[in-house]
Amino acid sequence: MLAKLIVTVFGAGLIILVNWYFLFSRRKAFQAEQKEKGIQEIKVVVKGGYSPDVIVVKKGIPVRLYFYRDETADCSDTIVFGDFNIRKPLPAFKTTPIEFTPEKEGEYVFTCGMGMMRGKLVVR
C-alpha cells in the first residue's frame, strides 16, 4: 500500500513539473543586434525547436533572421511568420536568411510548417 502511495505521489509530482515547464516557465529572450546599414540580425538554430525561441527587435528597423536547420526532420522544413505573410523552406544543414521590417509593436508567433514548433518575435 505504501509503495502505491509513493508511486502515485511521485507520478503526480512529475506531471506537475512537466506542465509547469511547458506552460508556465519563462523563456529567455534574445535581443537582435544592429549590424550593417542598421539591420537587426540574429542567428537561430532549428533542431527540435528554435534556439533562441524568443527574439526581441525594434519597430521600424529592418530585421534579418538567419535560420540554420541542423536536422532533417520533416516538421522543421518550413518557417512561417503568418503575421508577416512569410513562408519559406529551410534546407537541412544550411542557413536561410529571412528579411522583413516590423512596423507595429507586439508579439508575433512563428512556427514550423506543421505548427508544432513555435517561437515568438517581440517587437518593441
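Here a biologist asks a modeller about the structure shown above.

Biologist: Before we start, what kind of model is this, and how are residues numbered?

Modeller: This is a predicted model, where local features need pLDDT of at least 70, side-chain atom pairs count only at pLDDT 80 or more, and totals for chains, interfaces and linings use all residues. Side-chain values use heavy atoms, with hydrogens and water left out, and residues are numbered from 1 along each chain as its sequence is written.

Biologist: How many helices and strands does the protein chain have?

Modeller: Helices (H or I, at least four residues) and strands (E, at least two) are DSSP runs, numbered from the N terminus. Going along the sequence, you read α-β-β-β-β-β-β-β-β-β-β-β. That comes to 1 helix and 11 strands.

Biologist: What share of the protein chain is buried?

Modeller: Buried means under 20% relative accessible area, exposed over 50%, and partly exposed in between (1.4 Å probe, protein chains only). The protein chain has 124 residues, and the buried share of them is 35%.

Biologist: Which strands stand at the edges of the open sheet?

Modeller: Two strands pair if DSSP finds at least two bridges between them. The sheet has 6 strands in the order β1-β5-β11-β10-β7-β8, with mixed pairing. Two of these have a single partner strand each, so one side of each is left without a neighbour in the sheet: β1 (30–31) and β8 (86–89).

Biologist: Take β1, then: which residue stands opposite Phe 30?

Modeller: Strand β1 runs parallel to β5 (residues 54–57), and 2 bridges join them. In β5, the residue opposite Phe 30 is Ile 55.

Biologist: On to the rings: how many aromatic pairs are there?

Modeller: Rings of Phe, Tyr and Trp (its six-membered ring) pair if their centres lie within 6.5 Å; planes under 30 degrees apart count as stacked, over 60 as edge-to-face and the rest as tilted. By that rule, the count is 8.

Biologist: Is the pair of Tyr 50 and Phe 67 stacked, tilted or edge-to-face?

Modeller: Tyr 50 lies in strand β4 (residues 50–51) and Phe 67 in strand β6 (residues 63–69), so the pair ties together parts 17 residues apart in sequence. Tyr 50 is buried at 8% relative accessible area, and Phe 67 is buried at 0%. Their ring centres are 6.2 Å apart and the planes stand at 80 degrees, so the pair is edge-to-face.

Biologist: And what is the angle between the planes of Phe 81 and Phe 100?

Modeller: Phe 81 is in strand β7 (residues 78–81) and Phe 100 in strand β9 (residues 95–100), 19 residues apart. Phe 81 is buried at 0%, and Phe 100 is buried at 10%. The pair is tilted, with 5.5 Å centre to centre and an angle of 50 degrees.

Biologist: Which residues is Met 114 in contact with, beyond its neighbours within four places in sequence?

Modeller: Met 114 sits in the loop between β10 (106–112) and β11 (118–123), and at 51% relative accessibility it counts as exposed. Its C-alpha atom is 9.0 Å from that of Asp 74, 40 residues apart along the chain. Contact means heavy atoms within 4.5 Å. Outside those neighbours, the contacts of Met 114 are Asp 74 and Cys 75.

Biologist: Last one: is Val 9 buried or exposed?

Modeller: Val 9 is found in helix α1 (residues 2–23). With a relative accessibility of 54%, Val 9 counts as exposed.
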